Amino acid sequence: MEFVIYSFVQLLLAGFENTRNPYIVEGVYSFAAINMGKVIDTLKSPYEKLLAKTKEMVILGTATGIIHWDMETKMPPKGVGLRSQQLALLSQMSHRLSTDPEIGDLLSKIEKHTDYESLSALQKRNVYLLRKHYDEQTKLPEKLVKETAKQEAIAIDVWKKAKGAKDFSMFKPELEKMFKLRKQAADILMEVKGTASPYDALIDMYEPKMDARTITKIFAELRDGLVLVMEKCRRGSKRLDTSFMNRKVPVEMQEKISKELAEFIGYDIKSPQAGGRIDETEHPFTGGYYDDVRITTHYYENNLASSLFSILHEGGHAIYEQNFKESWMYQPVGSSTSLGFHESQSRFVENMVGRSREFWNYFFPKLQVLTGGIFSNVALDDFVRAINQVKPSKIRVEADEVTYSLHIIIRFEIEQELLAERITVKDLPELWNQKYKDYLGVTIENDSEGVMQDIHWASGAFGYFPTYALGNVYGGQILEAMERELPNWRDKITEGNFQTLKKWLVENVHQQGDLYDPPVLIKRITGEELNVNPFLKYLNKKYSWVYGF
Ligand code: ZN
């Protein structure tokens, strides 16, 4: 997987929620030396050289990350020309660093050495991750990498315009070109990775060792379970009032609330040792690495929920990124194991904690004070029900906890058809609209609220979508495991204590870094293979209260 944080793929992902584009500011890394543990003498020199090279790649990646963050938050409009040149140069440098033939030589030297077996599991994992990354990076022709980067800029630009004009025919030729380039990369990566299909090779970039066959099985069970929960909610005895959610809350008030939420989850933005900060962008995202992980949100006066839950969501990503083992900094293992696991942590904080009755038991009185009486005539239970409303919708990013994964399943099924070349780009709108009718019962009126709503395909990020729903599934399993060990976690949350729960997450999830591939890690944490039962059980229990079934 790409542990190298601002590799080619991450560049493709820039511009929307990109949790793996760490940056670092000047001076922060100077005190942290590489800590690699004891290495057997014969392998010490090549291993140390390898890690020194990794460190350079990571630092370069973090520099790229911070100028990306700056581009989204602070850059004056005129800076875009210079910025694109900075990014192009950095991406070229990064590609050169990660395809340096010396890395290949060092890797071979270590792997073929008679003392290889005496390396620790951690050291072997570092070697494995570097080998994987190196092979993939070197097998992709530079011409293809460049063309894809160029096409990405064009396709995103045209996508924005086509979306505004609600005109898929404008976007279609650029998407066709982008798809062709990604398919070429997928065909090459399929060989390198030894996957069963080109689509599996793309999935593996975001979710290592996951494949379409496994996802198909998991998503089929997930879909059946979610449709049942939706049906039960529809027939439930409770009618939800959500009208007060549109009450006007001034931005300054929302900023104060955001700071309180950050403090609650232990995301430090104000102490002299703070490693985080909150800024405002059109689309919320998280970026950073270890000691400098920043989040963004968006404040809408008539939609308080939007900033509340984006802070908790991005905050969940941020505390994961801040809590890898300190001694693993700059090493391949000092990273998340996958985007699905990343998403499991953000959704855990946002939904399982942030939309729980227990959390609002603690936080609602505070919210009432912070908003100066705007919600004084709203009852706690009505508020908790309102923020958990289940309503099939057309737009993924606005979807609730129950219907969200259905948006993802639709995208996964379409990507699978596309990569297998059973359909072509021109078939996308019709298939999209049909599936939205079948799975969510909504009618798509135009392609801007349909097939063109997300940036991912314009960016070339095919295979990315499944990780969002896998995050929900992992989250359910992690919750179940945590409940066994911390049966009173809900009481703690009611008391305003998130620390106990966070400590468990840090030890059991965050500190595992990239030591294991996702299928192994989920089993180590929960004792079970990937399965949807805990997530569905959690939803049934929660929503039976929300909707009275
Ligand atoms: Zn996320």
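**Buried polar sites and long-range packing in a predicted model**

Setting aside neighbours within four places in sequence, Glu207 is in contact with Ser338, Leu339, Gly340, Phe341, Thr467, Leu470, Tyr474 and Pro518. One of these partners, Tyr474, is also joined to Glu207 by a side-chain polar contact of 2.7 Å. The model is predicted. Glu207 sits in the loop between α8 (198-206) and α9 (212-235). Its relative accessibility is 0%, under the 20% cut-off, so Glu207 counts as buried. Gly65 lies 142 residues away along the chain. The C-alpha atoms of Glu207 and Gly65 are separated by 21 Å.

The loop between α8 and α9 also holds Lys209. Lys209 has a relative accessibility of 47% and counts as partly exposed. Its phi is near 65°, a positive value in a residue other than glycine. Most residues other than glycine have a negative phi. Lys166 likewise departs from that pattern, with a positive phi of about 50° although it is not a glycine. Lys166 lies in the loop between α6 (142-165) and α7 (168-193). With a relative accessible area of 52%, Lys166 is exposed. The cut-off for exposed is over 50%.

The chain as a whole has 21 helices and three strands. Its radius of gyration is 23 Å, close to the 24 Å that the globule rule gives for 549 residues, so the chain is as compact as a globular protein of that length. The C-alpha trace spans about 70 × 50 × 50 Å along its principal axes. Of the 549 residues, 58% count as buried. Contacts were also examined by sequence separation. Among those with a separation of 6 or more, 75% are between residues 24 or more positions apart.

The surface and the charges were considered next. The accessible surface of the chain comes to about 22,300 Å². Carbon and sulfur atoms account for 51% of that area. The chain carries 70 positive and 76 negative charges. The mean positions of the two sets are 1 Å apart.

Strand β3 (residues 292-297) contains Thr296. Thr296 is buried, with a relative accessible area of 0%. Its side chain takes part in two polar contacts described here. One, at 2.7 Å, joins the side chains of Thr296 and Thr281. In the other, the Thr296 side chain reaches the backbone nitrogen of Phe285 at 2.8 Å. Both Thr281 and Phe285 are among the residues in contact with Thr296 beyond four places in sequence. The remaining partners are Trp69, Thr73, Asp279, His283, Pro284 and Glu314.

Asn531 lies in the loop between α20 (518-526) and α21 (533-547). At 14% relative accessibility, Asn531 counts as buried. A polar atom of the Asn531 side chain lies 3.0 Å from the backbone oxygen of Glu529. Beyond its neighbours within four places in sequence, Asn531 is in contact with Ile218, Val473 and Gln477.

Helix α2 (residues 41-73) includes Lys55. Lys55 has a relative accessible area of 18%, which is under 20%, so this lysine counts as buried. The C-alpha atoms of Lys55 and Glu252 are separated by 40 Å. These two residues are 197 positions apart along the chain.

Leu50 is also found in helix α2. Leu50 is buried, with a relative accessible area of 2%. Leaving aside sequence neighbours within four places, the contacts of Leu50 are with Ile103, Leu106, Leu107, Ile110 and Leu130. Ser258 lies 208 residues from Leu50 along the chain. The C-alpha separation between Leu50 and Ser258 is 41 Å.

Definitions and conventions
Residues are numbered from 1 along each chain as its sequence is written. This is a predicted model: local features need pLDDT of at least 70, side-chain atom pairs count only at pLDDT 80 or more; totals for chains, interfaces and linings use all residues. Side-chain values use heavy atoms; hydrogens and water are left out. Helices (H or I, at least four residues) and strands (E, at least two) are DSSP runs, numbered from the N terminus. The radius of gyration is taken over C-alpha atoms; the globule rule is 2.2 Å times the number of residues to the power 0.38. Buried means under 20% relative accessible area, exposed over 50%, partly exposed in between (1.4 Å probe, protein chains only). Contact means heavy atoms within 4.5 Å. Accessible areas come from the Shrake-Rupley method with a 1.4 Å probe; for residues, only the protein chains shown count as cover. Lys and Arg count as positive and Asp and Glu as negative; His and the chain ends are not counted. The place of a charge is taken as NZ of Lys, CZ of Arg, CG of Asp or CD of Glu. A polar contact is a pair of N or O atoms within 3.5 Å; within protein, one must be able to donate a hydrogen and the other to accept it, and residues adjacent in sequence count only if both atoms are side-chain atoms.
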